[in-house]
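Work through the exercises below with the sequence and the 3D view open. Try each task before reading its solution.

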Amino acid sequence: MKDASAESMKDRVAPPGGGATTPDLEVQGLCKHFGSVVAVDSIDFTVDSGEFVSILGPSGCGKTTTLRMVAGLEEVTAGRIFIRGRDVTHLPPEKRNTAMVFQSYALFPHMNVHDNVAFGLKMRGVAKAEIDDRVAMAMRRVRLEGYEKRKPSQLSGGQRQRVAVARAIIVEPAILLLDEALTNLDRRLRQQLQLELKELQVELGITSLFVTHDQEEALTMSDRIIVMDEGLIAQNAEPSEVYDRPASAFVAGFIGESNRLDGSVVAAGDEACTIRTDAGLDLVGVHAGHVGHVAHVGRQCAVMVRPRAITLHAERPAKDNVIEGVVKLWAYKGESYEYVVTLPGGGDLLVSLPRREAVFERGDRVFAAFDARDVIVVERG
Amino acid sequence: MVEAATTETSGGVSRASWARLDRVWLAVPAVVLTAVFFVIPILFMGRISLSVHESGSAYREGTWTLDSYVTLLTDSFYLRIFSYTLGVSLLVTVLGLALAYPIAYWINRSGPRLKVILLFAVIVPLWTNILVLIYGWLIILSPGGALNDGLMRLGLIDAPLRVVYNTFGIVVGIVQITLPYAILIIAAVLAGIDRSLVESARDMGASRLKAFLHVTLPLSTPGIASAATVIFVWSMGEYASPQLLGGSAGKFVSQEVSSQFLTAFNWPRGAGLAVTLFSLIVLILVVAQTAARVTARRSAA
Ligand SMILES: Nc1ncnc2c1ncn2[C@@H]1O[C@H](COP(=O)(O)OP(=O)(O)OP(=O)(O)O)[C@@H](O)[C@H]1O
Ligand SMILES: [Mg+2]
């Protein structure tokens, strides 16, 4: 189920309902228009029980809108939403059993931490004694014991974030929704809370849908990543697959750095295909992942190569792809060295070497080499 | 702002506060205006109220007596005037809030275009002279006026309703006059409440009503308090509405102040009435504020 691709999901019909395989969240043909603006353009996806799925994409691609429709805070223009097999498309937010962590945390400023965390249980009519027990447990979970009497204004950003998480998990929602829940924190704290949140999520087995525009965060935390672009799903796959076999030039460019060379397919065999770049270089790629459906002779395409997949040599090495170029500049990056190599026929290649294996200086003639399996062939766009 | 400026100037000028002194000068016009038009007249009133009344002239200068206060605080005639003014003002405050809050809530929830129209409708009466508004109400409410005429034509009533020249008329007048201010104040506070708080409450399982009661209402209490203060203070000092729309049910303090000064020519008593009214308003506001602070602290603990 986890590695089901976006395509196969589209063909699925309404969930059978009640079965053990029913996903916690299923979204079908979801659309949202704001006047003439198409914020979300017919998307389909599922989130399985206990799964942590991230929606990743650039600003304005419709991530928040999608999450808000799932929570019931935004009317859908078209499409259906199922939570644990139940059609909730037209239910008000309070009847959906979702819990959202807002980017601003949205803690109630007039209530202390205890009352904030207790709010969801109080609304559900849970008895006071049980509320107190569960609040105490939730506060322990997020390591905030002793802060119950404080007002949100008396907490640090990280503490507020934890209160927001405690307030959401305490109701044991069918799905936890997080909208840029860590974006407002500084880098170090963010990394720490990423780990804490992930740990908590695994421990509680809580189904989560996490919106972020930070690709590192998505790669670190997710079981699966849904990459969105202009209201559409660009790719829906596990983090390693999104990274190693991006479905499009957009995904490859958005997740991690990569070099892009435009060209067209000149030969396509059973095993490998050859792409001639616009600058006249012939590159060999293997059929794997998404190479397949673009590898028709004559087809325009883009070749993506990760900087870390490339090595530099003084002599022509025996590798699938070798391009001769000139070192334009290099920079020390702590863990690695980065080189910019100018290619014949124009264009630069970014190369990242783990350590300074060979010393090249500006103006040196070098051979940049990479394996056929590191060549990602995608459609242009 | 004026308060802060005066305490700073009275605190003396050290070398370090030269920079601050620059800013203090900016408050001078406001301080002067307040002193000339509010503080000094009130001090004058206070002084006059402590003078001996002399038939034939307004008061005898340079004399000291508490006579006017003794009369005001013991004579049931005056006590009734104070209690009527206070009672009607409290009623006006409650009714004004009950009308202003839903309207402000509606304005705040409206789309941008409707919001402009509604705000415009709220502001228009502020451009209209209060007497014009009151005469407008007279045309509507008087026994032969539009309201009674309409209701009789429809056969809903046989005889005209008594809706003016009584307490009801006064209440209508003051509520109308103060309503725009109350709406604007409450709407401003509602607009300042982060929308995501209500959304978060809904998401946590609160119905629309519960989200309102647990989040919107408590967060809008500062607006309610300010609006209540404006309505109440205005009403306590109101003259035109009781004079033109009121009847034999009772008199407002300001009406009696006017007749003491202009008809009875008893300036010490008129001034005493004014000072007592002023003190009563200040006392009530202080008590209300203290009570609010205490309950807020208790609910926080
Ligand atoms: N209430 C609204 N009215 C009109 N347009 C809206 C509204 N909310 C969102 N949009 C538009 O819908 C599109 C998607 O917005 P959305 O907030 O979902 O983006 P996002 O992916 O969350 O972006 P970000 O990373 O900046 O938060 C944007 O073009 C936005 O301008
Ligand atoms: Mg967003």
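The exercises that follow concern a predicted model.

**Exercise 1. Find the residues around ligand 1 and sort them by character.**

Step 1. List the shell: Phe34(A), Ala39(A), Pro58(A), Ser59(A), Gly60(A), Cys61(A), Gly62(A), Lys63(A), Thr64(A), Thr65(A), Glu180(A) and His213(A).

Step 2. Sort them: four are nonpolar, six polar and two charged.

Step 3. Look for the element that contributes most. Helix α2 of chain A, residues 63-71, gives three residues to the shell, the most of any.

**Exercise 2. State how far Gly60(A), Thr64(A) and Glu180(A) lie from oxygen atoms of ligand 1.**

Step 1. For Gly60(A), a backbone N or O atom is 2.7 Å from an oxygen atom of the ligand.

Step 2. For Thr64(A), use the side chain: an N or O atom there is 2.6 Å from an oxygen atom of ligand 1.

Step 3. For Glu180(A), a polar side-chain atom is 3.5 Å from a ligand oxygen atom.

Step 4. Turn to the surface of the ligand. Taken alone, ligand 1 exposes 640 Å², and the protein buries 60% of that.

**Exercise 3. Decide whether Thr66(A) is buried or exposed, and list its contacts beyond four places in sequence.**

Step 1. Locate the residue: Thr66(A) is part of helix α2 of chain A.

Step 2. Apply the cut-off. Buried means under 20% relative accessible area; Thr66(A) has 0% relative accessibility, so it counts as buried.

Step 3. Leaving out neighbours within four places in sequence, Thr66(A) touches Leu30(A), Val40(A), Ile43(A), Phe45(A), Ile55(A) and Met228(A).

**Exercise 4. Do the same for Leu107(A).**

Step 1. Leu107(A) sits in the loop between β6 (98-101) and α3 (113-123) of chain A.

Step 2. Its relative accessibility is 9%, so Leu107(A) counts as buried.

Step 3. With neighbours within four places set aside, the contacts of Leu107(A) are Asn116(A), Pro152(A), Arg160(A), Val163(A), Ala164(A), Arg167(A) and, from chain B, Leu197(B).

**Exercise 5. Describe the largest nonpolar core.**

Step 1. Recall the general tendency: in soluble globular proteins, nonpolar side chains tend to be buried together.

Step 2. The largest core here has 103 residues, and Leu25(A), Phe45(A), Val117(A) and Leu209(A) have the most contacts inside it. Helix α9 of chain B, residues 167-191, gives the most to this core, with 10 residues.

Step 3. Apart from this core lies another of 27 residues, including Cys273(A), Leu283(A), Val366(A) and Val375(A).

Terms used
Residues numbered from 1 in each chain as written. Chains lettered and ligands numbered in written order. Predicted model: local features only at pLDDT ≥ 70, side-chain atom pairs only at ≥ 80, totals over all residues. Heavy atoms only, no water. Core = buried A, V, L, I, M, F, W, Y, C linked by side-chain atoms within 4.5 Å. Buried < 20%, exposed > 50% of the residue type's maximum accessible area, 1.4 Å probe, protein only. Helix = DSSP H or I, 4+ residues; strand = E, 2+ residues; numbered from the N terminus. Near = heavy atom within 4 Å. Polar contact = N/O pair within 3.5 Å; in protein donor to acceptor, adjacent residues only side chain to side chain. Areas by Shrake-Rupley, 256 points an atom, 1.4 Å probe, with all protein chains shown as cover. Nonpolar A, V, L, I, M, F, W, Y, C, P; charged D, E, K, R; others polar. Contact = heavy atoms within 4.5 Å.
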